[in-house]
Every structure is written in structure tokens, then in C-alpha cells.
Amino acid sequence: MAGRLDGKVALISGGARGQGAAEGKVFAREGAKVVLGDVLDTEGLQTVSEIQAAGGSAVYIHLDVTQEGEWKNAVSAAVRNFGKLNILVNNAGILRMEGIEDTTLEIWNRVIAVNQTGVFLGMKHAIPVLRQAGGGSIINISSIAGLIGVGAAAAYQATKGAVRILTKCAAVQYAKENIRINSIHPGVITTLMVTQGIDPEARKLFEQATPLGREGSAEEIANGVLFLASDESSYMTGAELVLDGGYTAQ
Ligand code: NAD
């Protein structure tokens, strides 16, 4: 059976674990050749082994998304290993839960560097290579925290809002070159970011306030990313795909 990403090459930042790893696995299953970049080298190599064991093609590259040189290196690794690049998923991110007064300038700058500057640098260095391939798809992982206020996580919310609008800016600029750029807005998804970063009581309240009554899984987000990465979404650019169990519908 034909894969939904047959013949495509994808680079996923933050691909060692969580949603990025789930995306790598789904992409490889659907026929893509995958480059996973992360700062967690052991986990990243393990995820690549799991993809290969399942019959997929994948390589791991050390990629700190705050470092411009490492982005150049990661894009080159895609071309060196697999000949081209068709898909970029800007997935790497960090969560800080402090409100405005508790957010130190150091926390603020770090969250901006990873979640916002990282996305900018990824697009900046992938776009020339996507252009060479005749176009492509970029998926930027924002959050429902980029759509509505949640009353904490000031720096995180600022970056996820920035990712939403930077996505639209880039989508308009590059549409003529057949480079589609969309954002994904997950609700609370059960990954280490949440199990280690959000208080269990707050998770329970959030779950109760979610129409579908539960947290989402990394695979449920990966399926949305797969749609945006594939040609099935060929008329979609500059859009927001919200995967939140109905939380922002209320
Ligand atoms: P996670 O913590 O499991 O994964 C994040 C990954 O990003 C990790 O592998 C981490 O090592 C990597 N990363 C962190 N800093 C990096 C850096 N400087 N360079 C490269 N990689 C780096 O969490 P996740 O839930 O899989 O998060 C994936 C994305 O989804 C993030 O952008 C996050 O903000 C977003 N998101 C998560 C949720 C949720 O509820 N889990 C909700 C909305 C959005």
C-alpha cells in the first residue's frame, strides 16, 4: 500500500521523545525518510533505532534549536543522507509555568530562544532547501496557549502566540513558491513536558474542563502533523489546526 509520505524527506526538531518522536514514527511508517534533531542524544538515537527496527529510514542529528550553526548542520544532514528536504516540523519546545511577576528575565529569554527563535531559525534555514525541492510543508507546533490566555506560563504563552503569527507571515510570503506553512495547537497532551511540568491537580481540572474529558496523546497530535505534512492538505496554508479535545470551542 502506498504511504502518505512516500518519497518525502522530513526534519523534526525535538524529535527524541514525546510528540516529536511520535511524529517521526508515523512519518516513517508512511514512507518518509526522517531526520530527528534534539539535544537529548541518547533518547534521539534510541528513537531512531526503534524506527529502523520497524523498517523505517531515519537518522539522528544533535540540534540545539537556539544555535544557528546547528540548524545549518541539520538541514545539510537531511540533504547529505537523503538527497533533499520536503518537510520541516518545528516541534522542539520547553514549558515554564510562571506568571509575569515570577518570570525572571533569564527564564523569559530562554523560553523565547527555544520556542520562538528556534522556529524562526528552522524556517530560515530550511526554506532555501525546500525551494530547491520545488516546495514543501512546514508545520510549526504552537499550542492552545498561543490562542487563549491560561493565567500563567507568561513566557510560554508569548512564544506560542508568536509562533502562530510568524506562521501566517511566512505562509503569505512563501505561498507562491509552493511552500505551505501551518501551525498546530495541541491542548494538554500526555508527554513528559506535562507529567513533569504541570501539577497533577491542575491537570485534573483541565481534563474536567475539556469537552472530550481527557488529555490527548502524542500519536493524536502526530496524526494531525501527518495531514499537514502530506499532499492531502495541499490547499491549506497559514492555518491553525487545533487538536485540543474541544477545550477552546467553549
Ligand atoms: P517533550 O518535553 O516530551 O518534548 C520536547 C522535546 O523538545 C524534547 O525532546 C526536548 O529535548 C526538545 N528540546 C527542548 N529544548 C530543545 C532545544 N534547545 N533544541 C532542540 N530540542 C529541544 O514535550 P512534547 O509535549 O512532546 O512537546 C512538543 C511540542 O509540543 C513543544 O513545542 C510543546 O511546547 C508543544 N506542546 C505541548 C503540549 C503538551 O501538552 N504536551 C501542548 C501544546 C503544545
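This passage looks at an acidic residue, an aromatic pair and a glycine in a predicted model.

A good place to start is Asp-244, which is found in the segment that follows strand β7 (240-243). Asp-244 is buried, yet it has no salt bridge. The nearest side chain of opposite charge belongs to Arg-214, and it is 11 Å away; because a salt bridge requires the charged atoms to be within 4 Å, this pair does not qualify. A polar atom of the Asp-244 side chain does, however, lie 3.0 Å from the backbone nitrogen of Gly-246. Once neighbours within four places in sequence are set aside, Asp-244 is in contact with Ile-144, His-185, Gly-187 and Thr-210.

The segment after β7 also holds Tyr-247, one member of an aromatic pair. The count of such pairs comes to one. Its members, Phe-206 and Tyr-247, are stacked, with 4.1 Å from centre to centre and 15 degrees between the planes. Phe-206 lies in helix α7 (residues 200-208), so the pair ties together parts that are 41 residues apart in sequence. Phe-206 is itself buried, with a relative accessible area of 17%.

On the other side of β7 in sequence, Gly-238 lies in the loop between helix α8 (218-229) and that strand. Gly-238 is buried as well, its relative accessible area being 15%. Although Gly-238 and Asn-182 are 56 residues apart in sequence, their C-alpha atoms are 4.9 Å apart in space. Not counting residues up to four places away in sequence, Gly-238 touches Asn-182 together with Lys-168, Ala-171 and Ile-181.

Terms used:
Residues are numbered from 1 along each chain as its sequence is written. This is a predicted model: local features need pLDDT of at least 70, side-chain atom pairs count only at pLDDT 80 or more; totals for chains, interfaces and linings use all residues. Side-chain values use heavy atoms; hydrogens and water are left out. Helices (H or I, at least four residues) and strands (E, at least two) are DSSP runs, numbered from the N terminus. Buried means under 20% relative accessible area, exposed over 50%, partly exposed in between (1.4 Å probe, protein chains only). Lys and Arg count as positive and Asp and Glu as negative; His and the chain ends are not counted. A polar contact is a pair of N or O atoms within 3.5 Å; within protein, one must be able to donate a hydrogen and the other to accept it, and residues adjacent in sequence count only if both atoms are side-chain atoms. Contact means heavy atoms within 4.5 Å. Rings of Phe, Tyr and Trp (its six-membered ring) pair if their centres lie within 6.5 Å; planes under 30 degrees apart count as stacked, over 60 as edge-to-face and the rest as tilted.
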